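Hi everyone, thanks for coming. Let me put the sequence and the model up on the screen, and then I'll talk you through some parts of it.

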Amino acid sequence: MQISSIIRRAVAGVAAASMLVAVAACGTSKDNKTAGGEGGGTIEVVASINQWGSVAKDLGGSHVDVTNIMTKTNVEAHDYEPTSQDVAKFGTAKVAVVNGADYDPWASKAASATKATLVTAAETAGIKEGDNPHVWFSAKVRNNTADAITAAYQKADPSHKDDYAKLNKEWHAKEDQLESKIKDASAKTKDVPYAATESVAWYLADDLGMKDATPTGYAQASANESEPTPSDIKAFQDVLKGGSIKMLVFNTQEANSTTDQITGAAKSANVPIVELTEQMPKEYTNLLDWMSALVDQFAKA
């Protein structure tokens, strides 16, 4: 991990911790909310990232009021520094949904200092710090997290238990459709070697049966959030030019001069590029629609 990244994370962690003492006294902002019932006994829900917030909304319907913290696709998500307003939003929440696996540690700290029922997506599938944190791309994690959110709602609002069960069933029906689409697409993508500027979509590619052929040196540097060496970059460019890589996955949210060199090599070698982001783009209202669109991109590339 780069020194600057470590410093930013440390500062963010200290800032979040220092803000927790004020959380209980602060109200919940209406900014970045996923539309839901206002007042009237609705469950206040805070999600650290908008893709999990969309799942929380789908599973709660009019019974929940969801606030999303991270929503922008033009910032580096791993280095997000929470504001006092961000932390304060957890103060009145009954349910908090965070990603976990060290993707949003500030959110986990903020939520743990409150009485909110905490749902940590990564933990629902045994994924821990040091593992790939982009768990919303995993069918297993999506399913497990959805059930954990429903259980949290039923605990917070038992009078609407049946409503939450119905919404959960409807959500799983849509997830099942997505997984059927993934299975169909895998007939084309199975065993296809791909490389990635960052392993953001690894879980989805794995569900599609694809093979990660990203050069080891570059992949390790990316996973550690450190700068790849010039030889790592050249090795990546060479393998793209060699023709063994059939697809490049590019996380535009983490674009820089290094990724410019990699995407440039892919274009020169006519290697198809699938562009994506970490946070759900604003044109999508829910995680499943976003995943479905990405499956189409992978299948067409």
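I'll start with the whole protein, then go through some helices, some strands and a few single residues.

A quick word on where this comes from: it's a predicted model, where local features need pLDDT of at least 70, side-chain atom pairs count only at pLDDT 80 or more, and totals for chains, interfaces and linings use all residues. Residues are numbered from 1 along each chain as its sequence is written, and side-chain values use heavy atoms, with hydrogens and water left out.

Okay, the big picture. The protein has 11 helices and 9 strands. Helices here are DSSP runs of H or I with at least four residues, strands are runs of E with at least two, and the numbering goes from the N terminus. Of the 301 residues, 51% are buried. By buried I mean under 20% relative accessible area; exposed is over 50%, and partly exposed is in between, using a 1.4 Å probe and protein chains only. The accessible surface comes to about 13,300 Å², and carbon and sulfur atoms hold 52% of that. Those areas are from the Shrake-Rupley method with a 1.4 Å probe, and for residues only the protein chains shown count as cover.

How about contacts, meaning heavy atoms within 4.5 Å? Take those with a separation of 6 or more: 68% of them are between residues 24 or more positions apart.

Now please find helix α9, residues 230-242. The expected span of a helix is 1.5 Å times one less than its number of residues. With 13 residues, α9 should span 18 Å, and its end C-alpha atoms are indeed 18 Å apart, so the two agree.

Which residues of α9 are buried? They're D232, I233, F236, Q237 and L240. Looking down the axis of α9, these buried residues fall within an arc of 135°, so they line one face of the helix. The arc is taken from the directions between the helix axis and the C-beta atoms. If that pattern looks odd, remember that an α-helix has 3.6 residues a turn, so residues three or four places apart point the same way. On the other side of α9, P230, S231, K241 and G242 are exposed. And what covers the buried residues? The cover includes β6 (193-196), α8 (216-223), β8 (247-251) and α10 (257-268). Right after α9 comes G243, with a positive phi near 90°.

Helix α4, residues 105-112, can be read in a similar way. Its buried residues include W106, A107, A110 and A111. Those residues cover an arc of only 130° around the axis, which puts them on the same side of α4.

On to the strands. There's an open sheet of 4 strands, in the order β7-β6-β8-β9, with parallel pairing. At the edges stand β7 (211-212) and β9 (273-276), each with a single partner strand, so one side of each has no neighbour in the sheet. Two strands pair if DSSP finds at least two bridges between them. β8 and β9 run parallel and are joined by 4 bridges. You can find F250 opposite E275 in β9, and N251 has L276 of β9 as its bridge partner. β9 also has two faces: V274 and L276 on the covered one, I273 and E275 on the uncovered one.

Then there's β3, residues 64-70. Here 7 of the 7 residues are buried, so the strand is largely enclosed by the rest of the structure. β3 runs parallel to β2, with 6 bridges joining them, and I43 stands opposite V64 in β3.

Last, three single residues. N132 lies in the loop between β5 (117-120) and α5 (139-156). Is N132 buried or exposed? Buried, with a relative accessible area of 16%. A polar atom of the N132 side chain lies 2.9 Å from the backbone oxygen of S199.

G41, in the loop between β1 (33-34) and β2 (43-49), is exposed at 64% relative accessible area.

Finally, A299 lies in helix α11, residues 287-300, and is buried at 18%. Leaving out residues up to four places away in sequence, A299 touches A185, K188 and T189. Between A299 and T189 there are 110 positions in sequence, yet their C-alpha atoms are 6.5 Å apart.

Technical notes. Contact means heavy atoms within 4.5 Å. A polar contact is a pair of N or O atoms within 3.5 Å; within protein, one must be able to donate a hydrogen and the other to accept it, and residues adjacent in sequence count only if both atoms are side-chain atoms.
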